[in-house]
Amino acid sequence: MEILSNLTSQFPIFSLAGIPGLESVHSWLSIPFCCLFAVALSGNSMILFVILTQQSLHEPVYYFLSMLSATELGLTVSTMSTKVGVLWFNASKISLDTCIIQMFFLHGFTLVESGVFVAMTFDHYVAICNPLRYTTILTNSRIIQMGLLMIIRTVVIVVPLLLLLKDLSFCRASALSHSYCYHPDVIKIACSDTWANSICGLIGLILTTIDTSCIVLSYILIICSILSIASPEERHKVFNTFVSHIRAVAIFYIPMVSLSLMDHYGRSAPRVVHSVMANIYLLLPPVLNPIIYSVKTKQIHKAILNMLLTK
């Protein structure tokens, strides 16, 4: 038994979860999931392609939108293989190293996406509250610097967080709660001290809280600026310029916060609830955001129609 425990500690194998209670119909459930993955991949790829190829869309607001689509493509691809594998082939086993690689992309792209939303909010703030300085503030070089800052802070937070997992012992039941590796879920089944992992996770949570606070503060300033406009028609027009962004932010942060709270405080909840929240967190933003931006943003909508009609 001691030898088996040591082997489990050194070479842990985790079991990914499908949808509890519906194991017999996993193959049927894979159909809607594959459709959602297809929508996420095609929608974000189309927006990214349109922005890169259309010279008229080479502006800061669309650069940030292309960053958002790229991160959502990364999130979708990084978790699609294990999700489909569990549903189609019952391939639920995953090694620690593979799990760490998946978590690097999952948590990395999530942190980058949070930074992208802050940058998009700043873009809207400058465009609405200080439009005369828009072109001088959001230059191409500054946008590149903002993108590099998002990547650097992600690497600095995520890499140590995941490398610390290599020193943990996993000698308890290795069943995870989701169909992909999620850091809070993994450290719950460790039987060694996880204080260092918890501190790194707390730093990531603080960064996300700072991002959210910056977004909320910018929204307050933007709304105050809109309300100061005398003309009701002009107020409505200006408000519509960033309503898509408000929806996208809500779609991203609400599932993420809900899943985090569920993992920390809802451990007594049925496993199927955890599974549903995990799937909403994974699929909702990449599926809905391309639809929101392609419908509500006239320039994107027009560019996509032109691309489709010319073909």
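The following conversation goes through the disulfide, the pockets and one helix of a predicted model.

User: How many disulfides does the structure hold?

Analyst: The structure, which is a predicted model, holds one disulfide. Cysteine 99 is joined to cysteine 181, with an S to S distance of 1.9 Å.

User: Is that link left-handed or right-handed?

Analyst: The link of cysteine 99 and cysteine 181 is left-handed, with -120 degrees about the S-S bond. The pair connects distant parts of the chain, 82 residues apart. Cysteine 99 belongs to helix 4 (residues 96-129), while cysteine 181 sits in the loop between helix 6 (140-163) and helix 7 (183-187).

User: Are cysteine 99 and cysteine 181 buried or exposed?

Analyst: Cysteine 99 counts as buried, because its relative accessibility is 0%. Cysteine 181 is buried too, with a relative accessible area of 0%.

User: Why does cysteine 34 have no bond to the closest cysteine sulfur?

Analyst: The closest cysteine sulfur belongs to cysteine 35 and lies 7.1 Å from that of cysteine 34, so the two are too far apart for a bond. A disulfide would need the sulfur atoms within 2.5 Å. Cysteine 34 is partly exposed, its relative accessible area being 24%.

User: And what about cysteine 224?

Analyst: Cysteine 224 is in no disulfide, and the nearest cysteine sulfur, in cysteine 129, is 8.6 Å away. At 47% relative accessibility, cysteine 224 counts as partly exposed.

User: Changing topic to pockets: what volume does the largest pocket have?

Analyst: The volume of the largest pocket is about 860 Å³. Its lining consists of 31 residues, and those nearest the centre are Pro184, Gly201, Leu205, Ser260 and His264.

User: Which elements give two or more residues to that lining?

Analyst: They are helix 4, helix 6, helix 7, helix 8 (195-227) and helix 10 (243-265). Helix 8 provides the largest share, nine residues. By class, the lining of the largest pocket has 15 nonpolar, 13 polar and three charged residues.

User: How much space lies in the second largest pocket?

Analyst: The second largest pocket holds about 720 Å³ of space. It is lined by 23 residues, with Tyr62, Asn240, Thr241, Thr297 and Gln299 closest to its centre.

User: Which helix gives the largest share there, and how does the lining divide by class?

Analyst: Helix 4 gives the largest share of the lining of the second largest pocket, five residues. At least two residues each come from several helices, including helix 3 (60-89), helix 11 (271-296) and helix 12 (298-310). The lining of the second largest pocket comprises ten nonpolar, seven polar and six charged residues.

User: Back to helix 8: what span should its 33 residues have?

Analyst: At 1.5 Å a residue, helix 8 should span 48 Å, and this agrees with the 47 Å between its end C-alpha atoms. The buried residues of helix 8 include Asn197, Cys200, Gly204, Leu207, Asp211 and Ile215.

User: What covers those buried residues?

Analyst: The cover of the buried residues of helix 8 includes helix 4, helix 6, helix 7, helix 9 and helix 10.

User: Last one: where is threonine 154, and what is it in contact with?

Analyst: Threonine 154 is placed in helix 6. It counts as buried, because its relative accessibility is 6%, under the 20% limit. Apart from neighbours within four places in sequence, threonine 154 is in contact with Gly108, Leu111, Val112 and Val159.

Methods: Residues are numbered from 1 along each chain as its sequence is written. This is a predicted model: local features need pLDDT of at least 70, side-chain atom pairs count only at pLDDT 80 or more; totals for chains, interfaces and linings use all residues. Side-chain values use heavy atoms; hydrogens and water are left out. Helices (H or I, at least four residues) and strands (E, at least two) are DSSP runs, numbered from the N terminus. Buried means under 20% relative accessible area, exposed over 50%, partly exposed in between (1.4 Å probe, protein chains only). On a 1 Å grid over the protein atoms alone, a cavity is a set of points where a 1.4 Å probe fits but cannot get out, and a pocket is an open set with protein on both sides within 12 Å along at least five of seven lines; lining residues have an atom within 4 Å of a point. Grid points are joined across faces, edges and corners, and a volume is the space filled by probe spheres set on the points. Ala, Val, Leu, Ile, Met, Phe, Trp, Tyr, Cys and Pro count as nonpolar, Asp, Glu, Lys and Arg as charged, and the others, Gly among them, as polar. The expected span of a helix is 1.5 Å times one less than its number of residues. Contact means heavy atoms within 4.5 Å.
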